[in-house]
Amino acid sequence: MKYLDDYRDAETVRRLADAISREVTRPWTLMEVCGGQTHSIVRFGLDTLLPDELTLVHGPGCPVCVTPAHLIDAAIAISHRPEVILCSFGDMLRVPGSKDDLFRSKSEGADVRVVYSPMDALELAVKNPEREVVFFAVGFETTAPANAMAVHQAKARGVRNFSILCSHVLVPPAMTAVLDAPDNRVQGFLAAGHVCAVMGWEEYVPIAERYGVPIVVTGFEPVDILQGVLLCVRQLESGRAEVENQYARWVRREGNSPAQDILSEVFQIIPREWRGIGDIPCSGLGLSDAYAEYDAARRFGLDGEHEPAPDSGCISGLILQGRKKPEDCPHFGTGCTPERPMGATMVSDEGACAAYYRYRRTEPEVTA
Amino acid sequence: MNPSCPVPMDEKETVQLSHGSGGVMMHRLLEQVIFPALDDDTPSASHHDGSVFTADSARLAFTTDSFVVRPRFFPGGDIGSLAVHGTVNDLAMCGARPLSLSVGLILEEGLPIEELRRVMRSLRQAADEANVQIVTGDTKVVDRGKGDGIFINTAGIGSVAHSLDIGSGTISDGDAILLSGDIGRHGIAVLAAREGLAFETTIESDSAPLHEPVLALIEAGLPVHCLRDLTRGGLASALKELMLATGLSARIREADIPVEPQVRGACEMLGLDPLHVANEGRMIVVLPADAASEALAVLQQFPVSQNAVQIGAISAGQKGSVVLDSIVGTSRVVEMQHGEQLPRIC
């Protein structure tokens with residue numbers, strides 16, 4: 001764990017914060033794309049170390065947050081079928097669909113199980129041949145390869161009672177959607193380090209060039225994030241807009257080729273609805289034709305039209321696009337809490353509202 | 001007490017796993033549904049795990065606890081030893097010397113007798129080691145599928161030899177907060193023993209009786225204000241509960257809170273905060289700052305609390321808040337765990 005300690009070293013953190021303060025001459029707004037980075041920023045109070053000119057806004061990179069309500073409704077409907085074991089990462093259980101959540105289904109008798117890996121769900125299918133095991137596959141390019149591998153193995157091993165309810169999303173289309181918004185104020189990005197570990201960073205070069213924004217591939221520890229901010233600020237101050245790689249200890253330009261190969265074999269790029277944001281073209285992954293039989297929505301006849309989600313008053317869509325902060329919401333901490341969330345950003349650890357609620361609800365005094 | 005959420009429970013609400021997790025939801029359930037059935041003048045009203053009362057001029061402590069941990073056997077313990085340690089510790093937190101326990105068993109049809117024997121042997125051994133007697137018991141069997149192997153309830157009685165008022169009510173501005181050792185081991189050990197978690201550790205549960213160091217503190221004449229064992233909800237929930245009850249503020253230093261490297265690694269991997277992870281052999285001791293170093297010296301004489309440290313202090317501060325000075329030189333608030341983290345950890 002010494003390795004990790006190096007990236008949480010108080011002295012290095014202070015030095016980087018000082019360097020950022022020295023280099024900033026004008027107001028800038030940066031977006032950290034990934035919810036893991038948001039969590040780290042709020043947990044360690046990193047934004048409180050930055051000069052007033054610098055604003056960090058939180059991005060759409062929280063997979064639980066952007067999973068559309070109709071897919072959660074579909075998961076709930078599937079979970080109530082007596083033959084089904086519905087497997088999910090723990091966070092998804094508390095996210096409200098249009099009415100209920102999976103925790104409620106579980107307490108009503110549905111067989112809903114928390115797993116830590118899609119391979120565990122696959123093994124559950126092997127052990128329970130009389131049941132239908134459905135894995136709720138959410139996530140960005142980071143979780144997609146493991147989910148693809150589970151489906152690939154299911155096919156190779158002839159496990160027919162396994163399927164996935166697929167809600168995979170892709171980061172670059174979400175970044176361009178943020179930049180295309182008429183009231184966008186994001187001037188530079190901290191790109192999601194783990195996504196880039198899989199996909200590499202070449203696909204960000206056209207975005208940096210076309211929109212004139214610096215994009216710094218950034219890790220998740222305090223030192224990583226402040227280094228990412230520093231690199232981004234330096235580019236902005238000197239008028240550059242390039243892709244830089246702060247997270248070189250994990251990320252290579254070309255990414256992880258075997259992971260990319262399994263993605264392109266099992267999945268295809270499709271349009272996807274992002275909760276609170278709307279449809280974004282070419283922003284999701286769905287099962288390719290060769291693996292379509294493992295699509296749970298199709299298997300259980302839930303792939304048709306769906307009702308639009310009712311307006312709950314939740315502003316998570318605006319928060320996920322960096323246009324609002326959690327404190328801007330009238331429901332924050334009153335009508336909406338982690339135990340009774342109105343929107344998904346209050347549920348996931350990677351959601352900005354949950355992070356603010358957990359670490360920031362009462363403004364802590366600044367340490368001398 | 002109103003831990004941050006005033007929302008009343010509606011008519012149609014059902015019990016969920018998170019109602020048992022020691023966090024905000026559990027507190028709401030207790031406040032709104034369970035406590036109204038208890039007598040107002042018992043210490044349960046101040047959310048202590050045990051009750052101290054006088055019977056025929058003897059001061060006694062009484063408590064009960066149920067154990068539903070899954071799996072039944074985990075590194076460092078099992079449901080049998082846990083059932084003894086849990087109740088012994090609830091008595092110890094009253095400053096009582098544990099005397100006698102009862103054991104209630106709910107067994108599921110189909111449980112291998114050999115497993116039951118193992119659990120009972122372990123329970124017996126833990127009772128011997130803690131020097132408590134098991135004086136009465138009860139056994140029920142339920143149909144297959146209606147229980148999960150074995151559930152155990154233990155109740156305990158202890159004698160109270162001191163005249164201190166140990167509880168949240170005596171916590172004062174300026175008090176020191178001591179922690180009896182590293183945190184998070186029980187939660188991670190149980191989690192690692194669960195099926196489906198593909199990581200291996202050598203982490204053992206910290207499950208252990210705490211009455212010896214507690215009695216030593218009292219015998220040394222130290223003015224203990226409050227004792228609290230850290231169970232579900234971890235250090236964060238224990239401190240937050242106390243601060244909400246007192247209206248004071250706790251300030252703790254992340255760098256001083258011991259966490260074993262393997263526990264930290266597992267927490268990083270699973271996205272857990274060690275402050276929220278369960279313990280079964282750790283406590284916090286709150287007492288006046290000028291008694292802190294002597295108290296630490298007493299605690300450090302016992303293997304179970306040999307790594308005791310001061311982690312912070314109580315101040316008037318922001319009412320009911322727990323503030324953590326982070327290792328990177330910033331500060332943040334610490335909240336109770338919300339909803340489910342790890343079901344059936346004890």
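This is a short dialogue on how chain A of a predicted model is described.

Student: What makes β2 and β9 of chain A edge strands?

Tutor: Each pairs on one side only. The sheet is open and has five strands, in the order β2-β1-β7-β8-β9. So β2 (54–61) and β9 (243–245) of chain A are the edge strands.

Student: How do you know that β1 of chain A pairs with β7 of chain A?

Tutor: Pairing needs at least two bridges. Three bridges join β1 (residues 28–34) to β7 (residues 188–192) in chain A. Therefore the two strands count as a pair. They run parallel. A:L30 stands opposite A:G188 in β7(A).

Student: What is the average twist from one strand to the next?

Tutor: The twist averages 25°.

Student: Which strands of chain A does helix α3 lie across?

Tutor: Helix α3 (residues 35–43) of chain A lies across β1, β2, β7 and β8 (215–218) of chain A. The helix runs at about 120° to β1(A). Helix α9 (residues 171–180) of chain A also packs on the sheet. Helix α9 touches β1, β2 and β7 of chain A, and its direction makes about 155° with that of β1(A).

Student: Why is A:L165 called a core residue?

Tutor: A nonpolar core is built from buried residues of listed types, Leu among them, joined through C-beta atoms within 7 Å. A:L165 belongs to the largest nonpolar core, which has 126 residues. A:L165 is one of those with the most contacts inside that core, along with A:A75, A:L86, A:C87, A:A191 and A:C196. Not counting residues up to four places away in sequence, A:L165 touches nine residues including A:L71, A:A75, A:V134, A:F136 and A:A297.

Student: What does the second core include?

Tutor: The second core is separate and has 86 residues, including B:V52, B:L210, B:L239 and B:I311.

Student: How many residues does each domain give to the contact between domain 2 and domain 3 of chain A?

Tutor: Domain 2 of chain A gives 10 residues and domain 3 of chain A gives 11 residues. The centres of these domains are 24 Å apart, taken over C-alpha atoms. On the domain 2 side, five residues are nonpolar, two polar and three charged.

Student: Which helices of chain A each supply at least two residues of the side that touches chain B?

Tutor: They are α2 (10–23), α6 (102–107) and α16 (352–360) of chain A. The contact takes 32 residues from chain A and 30 residues from chain B. The chain A side divides into 13 nonpolar, seven polar and 12 charged residues.

Notes: Residues are numbered from 1 along each chain as its sequence is written. Chains are lettered from A and ligands numbered from 1 in the order in which they are written. This is a predicted model: local features need pLDDT of at least 70, side-chain atom pairs count only at pLDDT 80 or more; totals for chains, interfaces and linings use all residues. Two residues are in contact if their C-beta atoms, placed from the backbone, lie within 7 Å. Helices (H or I, at least four residues) and strands (E, at least two) are DSSP runs, numbered from the N terminus. Ala, Val, Leu, Ile, Met, Phe, Trp, Tyr, Cys and Pro count as nonpolar, Asp, Glu, Lys and Arg as charged, and the others, Gly among them, as polar. Domain bounds come from an automatic or database domain assignment. A residue is buried if 20 or more other C-beta atoms lie within 10 Å of its own, exposed if 12 or fewer, and partly exposed in between; C-beta atoms are placed from the backbone. Axes are lines fitted to C-alpha atoms, for helices over the stretch in contact, and angles run from 0 to 180 degrees between N-to-C directions.
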